[in-house]
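Let's take a walk through a protein structure together. Have the sequence and the 3D view ready, and follow along one step at a time.

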Amino acid sequence: MWESVALTLAGTAGNNVGKVLQKKGTLILPPLSLKLKVVKAYASNQLWISGFLMDMCGAVLMLTALSQAPVSVVQPIAGCGLAILCVFSHFYLKEVMNGLDWIAITLAGLGTIGVGVGGEEQKVDQIPLLNIPWLVLSIVILFVLLNTWLHMYKKQRREQELTGPEVIEEIIYGLESGILFGISSVISKMGFVMSEMGFPKIVVPAAISCSVCCSAVGFVYQTRGLKHGRAIVVSTCTSVASIVSGVVAGMIALDEHLPKAPTARFFLLLGWFFIITGVILLVSSTRLIARLPRPVQKFLKSNIERTHSIRRPGSARGKDAIPTTTIHTSSLHLLTSPTKEKA
């Protein structure tokens with residue numbers, strides 16, 4: 001189990017750090033296209049290539065972890081990618097972090113330990129095939145309801161000429177992308193399980209292909225939400241939805257279950273809670289601190305942040321030392337534009 005935890009952490013770190021390096025490399029590159037000159041420019045950019053290779057290695061490590069451990073263990077730990085990214089951005093990109101960020105990262109780390117202690121290897125003797133159509137139907141109905149709600153909300157905004165943050169749109173796109181990311185992990189796991197059960201080996205690449213398609217569609221939904229929405233809302237909904245949907249779908253489609261031992265079950269549930277809480281704190285820390293009493297704000301703000309604020313009067317945490325390289329991410333898939341603020 002600990003080997004799977006380590007593989008998941010390494011995989012999600014590779015995914016998220018790789019995306020940061022790719023984004024930083026594209027700052028001096030033209031928009032990606034199939035033109036030979038553009039392809040050569042990307043291929044000759046060492047920073048972009050390094051990020052791409054790290055991203056691919058992270059994906060391979062994540063698939064390896066999924067082949068060894070239940071989705072209920074891998075998917076929550078993958079949510080710690082945001083915490084790993086923040087630590088990397090702090091030391092490599094010199095981005096400012098406050099005390100609440102470090103508390104959130106600590107919670108994510110403790111949650112990972114809890115999942116590692118409480119998680120157990122589960123031998124799947126058979127896949128409940130009858131549950132899969134119901135799961136697919138439930139997801140389709142959920143997406144129909146969410147998109148119907150979104151359509152009605154947009155129509156109402158147009159009729160009333162409302163302005164300001166489109167909260168409902170941010171939430172819906174975040175939930176839809178997170179659900180697809182969680183389901184993609186379950187599909188990959190199903191391929192490995194079916195292969196072990198004696199199905200043709202072709203099921204593994206077929207499942208991985210379906211998983212990639214789900215992730216790609218999820219990325220489209222996420223990009224729509226981030227285009228006009230706030231990263232804090234979209235990324236929170238995406239992270240939490242990916243963890244919850246991955247765990248629930250794994251229990252339904254793969255017959256995964258909570259540990260039978262009370263102690264192991266307690267640590268696993270506590271680990272899930274810490275990871276989800278840490279992710280939510282991490283993406284909303286700036287706004288939370290702004291609502292706290294001033295003495296508490298001063299306590300939570302690090303010396304680095306105070307120096308940064310003195311050096312640049314009126315600046316907020318959204319304006320980082322390197323604003324063009326700020327990347328906000330959650331889980332394996334979150335990558336926003338360089339102008340998006342964390343909160």
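We will begin with the whole chain, move on to pairs of helices, and end with a few single residues.

Before anything else, keep in mind that this is a predicted model. What is the chain built from? The protein chain has 13 helices and 0 strands. If you trace it along the sequence, the pattern reads α-α-α-α-α-α-α-α-α-α-α-α-α. The chain has 343 residues, and 50% of them count as buried. You can also ask which parts of the sequence touch one another. Among contacts between residues at least 6 apart in sequence, 77% join residues at least 24 apart.

The UniProt record adds another layer to this picture. In an unreviewed entry, UniProt places the feature "transmembrane region" at residues 47-67, 73-93, 100-119, 131-150, 171-190, 202-221, 233-254 and 266-290. Let's look at two of these spans in the model. Residues 131-150 are 100% helix and 0% strand, and the C-alpha atoms at the two ends are 28 Å apart. Residues 171-190 are also 100% helix and 0% strand, and here the end C-alpha atoms lie 29 Å apart.

Now let's see how some helices sit against each other, with helix 1 as our starting point. Helix 1 covers residues 2-25, and helix 5 covers residues 81-92. Their axes come within 9 Å and cross at roughly 45°. How should we describe that arrangement? An angle between 35 and 65 degrees falls outside the parallel and perpendicular ranges, and helix 1 and helix 5 are therefore oblique to each other. Their crossing is right-handed. The contact between helix 1 and helix 5 brings together 9 nonpolar, 3 polar and 1 charged residues. On the helix 1 side you will find Leu-9, Thr-12, Ala-13, Asn-16, Val-17, Val-20, Leu-21 and Lys-24. They meet Gly-81, Ile-84, Leu-85, Phe-88 and Tyr-92 in helix 5.

Helix 1 has another partner to look at, helix 3, which spans residues 46-68. Helix 1 and helix 3 pack at an angle of about 155°, with their axes 7 Å apart. Angles over 145 degrees count as roughly antiparallel, so helix 1 and helix 3 are roughly antiparallel to each other. The crossing of this pair is left-handed. By class, the residues in the contact of helix 1 with helix 3 divide into 12 nonpolar, 13 polar and 4 charged.

Stay with helix 3 and turn to helix 4, which runs over residues 71-78. The axes of helix 3 and helix 4 are 8 Å apart, and the two pack at an angle of about 150°. That makes helix 3 roughly antiparallel to helix 4. Which residues meet here? Met-62, Ala-65 and Leu-66 in helix 3 meet Val-71, Val-74 and Ala-78 in helix 4. This contact consists of 6 nonpolar residues, with no polar and no charged ones.

One of those residues, Ala-78, deserves a second look. Is Ala-78 buried or exposed? Ala-78 has a relative accessible area of 0%, so it is buried. Ala-78 and Thr-8 are 70 residues apart in sequence, while their C-alpha atoms are 6.2 Å apart in space.

Next, find Gly-246 in helix 10, which covers residues 231-253. Gly-246 has 0% relative accessibility and therefore counts as buried. What does Gly-246 touch, leaving out residues up to four places away in sequence? Its contacts are Val-71, Gln-75, Gly-182, Val-186 and Ala-241. Ser-72 is 174 residues away from Gly-246 in sequence, yet the C-alpha atoms of the two are 6.8 Å apart.

Our last two stops are both phenylalanines. Phe-181 is found in helix 8, residues 167-196, and because its relative accessibility is 0%, Phe-181 counts as buried. Between the C-alpha atoms of Phe-181 and Cys-213, 32 residues apart along the chain, the separation is 10.0 Å. Phe-299 sits in helix 12, residues 294-300. Buried or exposed, where does Phe-299 fall? With 70% relative accessibility, Phe-299 counts as exposed. Phe-299 and Asn-98 are 201 residues apart in sequence, and their C-alpha atoms are 9.3 Å apart in space.

Methods. Residues are numbered from 1 along each chain as its sequence is written. This is a predicted model: local features need pLDDT of at least 70, side-chain atom pairs count only at pLDDT 80 or more; totals for chains, interfaces and linings use all residues. Side-chain values use heavy atoms; hydrogens and water are left out. UniProt positions are given in the numbering used here, feature names are shortened, and annotations may be inferred rather than shown by experiment. Helices (H or I, at least four residues) and strands (E, at least two) are DSSP runs, numbered from the N terminus. Axes are lines fitted to C-alpha atoms, for helices over the stretch in contact, and angles run from 0 to 180 degrees between N-to-C directions. Angles under 35 degrees count as roughly parallel, over 145 as roughly antiparallel, 65 to 115 as roughly perpendicular and the rest as oblique. A crossing is left-handed if the near helix is turned anticlockwise from the far one by less than a right angle, and right-handed if clockwise. Contact means heavy atoms within 4.5 Å. Ala, Val, Leu, Ile, Met, Phe, Trp, Tyr, Cys and Pro count as nonpolar, Asp, Glu, Lys and Arg as charged, and the others, Gly among them, as polar. Buried means under 20% relative accessible area, exposed over 50%, partly exposed in between (1.4 Å probe, protein chains only).
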